[in-house]
Amino acid sequence: MRPGNWLYTIPLRFRSLFRRRRAEADLDAELRDHLEQKTESYVAGGLTPREARRQALIDLRGLDQTKERCRDARRVTWLQDLAQDLRYALRMLGKSPGFTAVAVLTLALGIGANTTVLSVVSGLILRKPPVRDPNGLLAITSKNPANVFGADLSSVSAADYLDWQEQGNDFSSMAAADFDDFTVSGGDFTPEFVPGARVSANFFQVMEIQPVIGRPLLPGEDQPGKDHAVLLSTQLWNSKFAGDPHVLGQSIKINGNSYTIVGVMPGAFSVYDSPAQLWFPLVFSPDELGPGKRSFRFLRVFARLKHGVHISEASAQMNTIAARIAAAHLDTNKNWGARVMTEQQYNISDWNVENALFLLMMAVFLVLLVACANVASMLLARNSGRAQEFSIRAVLGAGRFRLARQLLTECLLLAVAGGALGTLFAYWSLRVTLAQFNWNETVAAIGRTIGIDTRVLLFTAAISLFVALVVGIAPAIRLSRRDPGERLKQAARGATSARQHHRLQRLLVIGQLTLSLILLTGAGLFVQDFIAETRAATDFNSHNVLTASVSLRGLDYYGAAQRQSSFFQNALHQIQQSPEVESVVLSSALPFEFRGLTSVPFVLEGHPVSKPADQPTSEYFLVSPGYFRALQIPLLQGREFEPSDGPAAPPVAIVNEAFARRYFPNQNPLGRHLLIDSQKRPANQWSEIVGVVGNVNEFLGETHPRPHLFEPFLAHPVGDMNFVIRIRTEPTSFSGSLRQAVWAVDSGQAVSDVKTMDRVIADSGQGDNIMAELMGSFALVALLMAAAGIYGVLSYLVAQRTREIGIRMALGAERRDVLGLVMRNGVVLISIGVGAGALVSLALPRAVGAVLSGLGLHQWGLLIAGTTLTITLVALLACYIPARRAMRVDPMVALRYE
């Protein structure tokens, strides 16, 4: 061979791999030819043929040994050895189909659970916006000086945006968008609410994305009189126009105004927290730019950095600009600032899901560890049965590394099979999970961005290799520490394996029980909290109630309070005509479905405040007469609103019990006066409190109701209201009649969010429901794995001690003695594992409560006791089955057992 000549060695290596027999024949012929030449030279030197051949073999250092050195020089033997290991591993796993199936299924559950959760994490946190150069897409938000949730994620006023755009020199471009729901009508389809956005003309330039057909908005199309272009999403294009390529130039009505379709955006395009399906020009009205309107913050602002500018530099510049604006407009911007971040960072902060996802990742990692411990325990038991095989191979010359490599190869095959099956399991479980992302359009849009992508598949491959190493390392270490001669002696005399040989298996079972108890307790916290939420009193009768939303759109209603009032009163009259309707009322917000509507400031008569920032606030609602009676909310004092409580009547208000207790402790609130939203109403418009009603929860599980303040809709009409209809029959059957009644008043208005009040309440806790279901599923899987682990170990120990048990029974041991002998082994493992898990679980409620501050911890002591008892009973049952098998051992058969 000429190893330095690559023209020779590379083809030789390929022949060795793919034409092995030919390469071996050539090698054998070459060495024999060399041997013959050597022999002939020694014969010519005077040696006998026999001595000459012997000397030639000595020079070659053995014919077979030289072949091995030549094969090693080709540097492909490791591939051949690997192929041999794989073939042998497949044969061995195929000889134990039961073991293989259980091991693969166990790993598939662990890997599949991790893949499912990572897919959610990838979709919510790791996935970047579907635009060009997503890292360069920035979100700029207002920083609220008030210490409230999301204080640095506040929206931006129109005037602030224009100042930022003019003064922000570190940005190549800056755009704004107003995300909202819009009434779309025209053509052959009925009016409906569609999520969309008013955007500045350079919005798509900042996003660096182009329509699939048509064009983006042009400069100047965000000016008054020129703002009649609209772009559709692919979803809206397909649903309303059947994907017609000639849709460009057609017209649709948005909020009653006609717009011309100029383009269709790619299907993947979306701004994460908005499921927008149409985009049209953002034109600021005089009200949005007028004096004092900087406090009206409604815009999302996006920007692109100039080349060479770092985000920290842009952030410093924006802080300077915000401070300059705050100094110039103390009435609206005092102490307000600005924050610059990537769009991805904004979405992560806005969704506030990091803590929940962290707990889920920890839970599935525990499931994976339990699965690994289970399979490792099974492998230890299985390999103990192959002790004689490994001993013979070791005596015949196989090194410890060679044997360990064979075990690792088998583990790799199990892990790869488990990873493949786990990926299929993840596809199914992810579909089931995402099907529950349906309680509003925004959540549904987020769910559509989640899937198993390349990053997740790479993670699955990596975790499969990790599992192979974790599962295979314990049997390999144990194998390397045992003397093959001693193993052959034990096998020859049929000795029972020594106690120390099972120590590792016992430790793995103890670890499974400990981790399972921790996971079961953690899941119990979420399940218990969700059950407490769903069982909590709503303080009103939600059954047989249908709700729907109407937001009046169109120039006829803009700023026309009388028209808005007239529309809703006429709609109430139309709906009330139906014999199925018991009562119908209006509310600006539904219980359990607050849409960030409002916390209004107020001043109590006789309790003046020195500055507006010190004014108390309360949740605020507009309701029509009969609202409390329709929802059967108890009237504790005073009266409800009457039809006479209109704009010409003296201002009146109703408060809830929490309001009365906080602001009028041990006093009668009736007849007291308050000034609501003093900055927007005349100083002499004091409202008299005429009633006190019971508290109604704002969300599931609320334990400390907040103050609520109600005013009559007739006195302060607005264009966005909810119908609340108590039906005598099944509520959903009235949906069609409800729409027809509204369209009888104005056929251009959309009726949205038609759902029962029970569904409204259920949807409000849907996120908690998903978390509880996932954690409960993971805990159940871990519990079953732990039970299987302890069952497998005890079954193996019983099988190993069959001869011993037979001798005991032959010498007079009773069946109950055998039962107690086996159960004692199991009880010791259970006691240690459950005890360790219970100790760790004592700290779990506080740890979880610190991560998720909103999680209610209800009687966690009973919860830990219950989970401890549960896993103990399941483990004892797993012990009892092999113990009963041991009781039935026939002594005569056992004495012949090898």
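Reader: In this predicted model, is Arg-706 buried, partly exposed or exposed?

Author: The structure is a predicted model. The class of a residue depends on its relative accessible area, where buried means under 20% and exposed means over 50%. Arg-706 has a relative accessibility of 39%, so the residue counts as partly exposed.

Reader: Which residue meets the side chain of Arg-706 in a salt bridge?

Author: Arg-706 lies in the loop between strand 19 (687-693) and strand 20 (708-712). Its partner is in strand 15 (residues 617-623), 87 residues away, and the pair thereby links distant parts of the chain. The N to O distance is 2.9 Å, and the partner is Glu-619.

Reader: Is Glu-619 buried or exposed?

Author: The cut-off for a buried residue is a relative accessible area under 20%. Glu-619 has a relative accessibility of 12%, and therefore counts as buried.

Reader: How many salt bridges does a search of the whole structure find?

Author: Side chains of opposite charge can pair when their charged atoms come close. Some of the salt bridges share partners, and these join Asp-133, Glu-208 and Arg-304 into one network. Over the whole structure, the search finds 15.

Reader: Which residue forms a salt bridge with Asp-160?

Author: The closest N and O atoms of this pair are 2.6 Å apart, and the partner of Asp-160 is Arg-294. Asp-160 belongs to helix 7 (residues 158-167), while its partner sits in the loop between helix 10 (286-289) and strand 10 (297-305), so the pair ties together parts that are 134 residues apart in sequence. Asp-160 is buried at 2% relative accessible area, and its partner counts as buried at 12%. The residue asked for is Arg-294.

Reader: With which residue does Arg-294 form a salt bridge whose closest N and O atoms are 2.8 Å apart?

Author: The salt bridge at 2.8 Å joins Arg-294 to Asp-163. Arg-294 is in the loop between helix 10 and strand 10 and the partner is in helix 7, so this pair ties together parts that are 131 residues apart in sequence. The partner is buried, with a relative accessible area of 16%. The residue is Asp-163.

Reader: How many disulfides does a search of the whole structure find?

Author: A disulfide is a covalent bond between the sulfur atoms of two cysteines. Cys-372 is buried, with a relative accessible area of 2%, and Cys-411 is buried at 3%. The number of disulfides found in the whole structure is zero.

Reader: Which helix gives the most residues to the nonpolar patch?

Author: The patch on the surface is formed by Leu-105, Leu-421, Leu-424, Tyr-427 and Leu-457, which together have about 470 Å² of accessible area. Leu-105 is found in helix 6 (residues 97-126) and counts as partly exposed at 48% relative accessibility. The helix that gives the most, with three residues, spans residues 400-434 and is helix 16.

Reader: Why is strand 19 described as largely enclosed by the rest of the structure?

Author: The description rests on the burial of the residues in strand 19, since buried means under 20% relative accessible area. Strand 19 is largely enclosed because the number of its seven residues that are buried is six.

Reader: Which strand runs parallel to strand 19 and is joined to it by five bridges?

Author: Strand 16 (residues 635-638) is antiparallel to strand 19, with three bridges, and Gly-638 has Gly-691 as its bridge partner there. Strand 18 (residues 673-676) is also antiparallel to strand 19, with two bridges, and its His-673 stands opposite Glu-688. Val-652 likewise stands opposite Glu-688 in strand 19. The parallel strand with five bridges covers residues 652-656 and is strand 17.

Reader: Which residue of strand 11 is the bridge partner of Leu-138?

Author: Strand 1 (residues 137-143) pairs with strand 11 in the antiparallel sense over six bridges. Five of the six residues of strand 11 (residues 337-342) are buried, so this strand is largely enclosed by the rest of the structure. The bridge partner of Leu-138 is Thr-342.

Reader: What distance separates the C-alpha atoms of Ser-578 and Ile-727?

Author: Ser-578 lies in the loop between helix 21 (561-576) and strand 13 (581-587) and is buried, with a relative accessible area of 14%. Ile-727 is 149 residues from Ser-578 along the chain, and their C-alpha atoms are separated by 9.8 Å.

Methods. Residues are numbered from 1 along each chain as its sequence is written. This is a predicted model: local features need pLDDT of at least 70, side-chain atom pairs count only at pLDDT 80 or more; totals for chains, interfaces and linings use all residues. Side-chain values use heavy atoms; hydrogens and water are left out. A disulfide is a pair of cysteine sulfur atoms within 2.5 Å. Buried means under 20% relative accessible area, exposed over 50%, partly exposed in between (1.4 Å probe, protein chains only). Patches are made of residues with over 30% relative accessible area and no salt bridge: like charges are joined within 9 Å, nonpolar side chains (Val, Leu, Ile, Met, Phe, Trp, Tyr) within 5 Å. Accessible areas come from the Shrake-Rupley method with a 1.4 Å probe; for residues, only the protein chains shown count as cover. A salt bridge is a side-chain nitrogen of Lys or Arg within 4 Å of a carboxyl oxygen of Asp or Glu. Helices (H or I, at least four residues) and strands (E, at least two) are DSSP runs, numbered from the N terminus. Two strands pair if DSSP finds at least two bridges between them.
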